Amino acid sequence: MQCGRPLRSFTAKAAKILSQQNVVMARRGFSVSTRCMNDTVGFIGLGNMGNHMAKNLISKGHKLLVCDVFQTATDGLRAAGADVASCPAEVAAGSKKIVTMLPETHHVDTVYSGAKGIFSQVQDGSLLIDSSTIDPATSQAMALTAKGHNSVYVDAPVSGGSQNM
């Protein structure tokens, strides 16, 4: 697999976004805690791209709560120190900063809006960063729903991908 510049660039950008959460949330009128870097980061979608992204966040010192439909995808991250959730709702209950990296639009719909989805347990003031490459209408709908839950949804798609070597 190739995990070059786009992935390293994401990790730097994600770390910056996560470390500046208070500024982003305050500008949007939300009251937030002054704690930021010590909070748990939720990460949902640990496939070819998401797994490497999550490992990079762990290597930068972030505590992770991860979730994936395939248990084998969480095993290596558990060994690296991540906690594992059974569903997206559990991630939302345990973290106010959540990154999703999902393959298709319908996966985003299910992970965010399903019965055990993020929105069923999202906390006020949460920052939801979706790195999935999906249709803009879905991203706009998720942003509106997040706003209704006193949270912020950021559409941050990752281009490129993994290549088998």
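Visitor: In what order do the six strands of the open sheet come?
Guide: The strands here are DSSP runs of E, at least two residues long, numbered from the N terminus, just as helices are runs of H or I of at least four residues. Two of them pair if DSSP finds at least two bridges between them. The pairing is parallel, and the order is β3-β2-β1-β4-β5-β6.

Visitor: What should I know about the model and its numbering?
Guide: It's a predicted model, where local features need pLDDT of at least 70 and side-chain atom pairs count only at pLDDT 80 or more, while totals for chains, interfaces and linings use all residues. Side-chain values use heavy atoms, leaving out hydrogens and water, and each chain's residues are numbered from 1.

Visitor: Which strands are the edge strands?
Guide: Look for strands that pair on one side only. Those are β3 (83-84) and β6 (152-155).

Visitor: Which residue of β6 stands opposite Leu-127?
Guide: Strand β5 (residues 127-130) runs parallel to β6, and four bridges join them. Opposite Leu-127 in β6 stands Val-152.

Visitor: How far is Asp-68 from the nearest side chain of opposite charge?
Guide: Asp-68 sits in the loop between β2 (64-67) and α4 (71-79). It's buried (under 20% relative accessible area, 1.4 Å probe, protein chains only). It has no salt bridge (a Lys or Arg side-chain nitrogen within 4 Å of an Asp or Glu carboxyl oxygen). With Lys and Arg counted as positive, Asp and Glu as negative, and His and chain ends not counted, the nearest opposite charge is Arg-78, and the distance is 12 Å.

Notes
Buried < 20%, exposed > 50% of the residue type's maximum accessible area, 1.4 Å probe, protein only.
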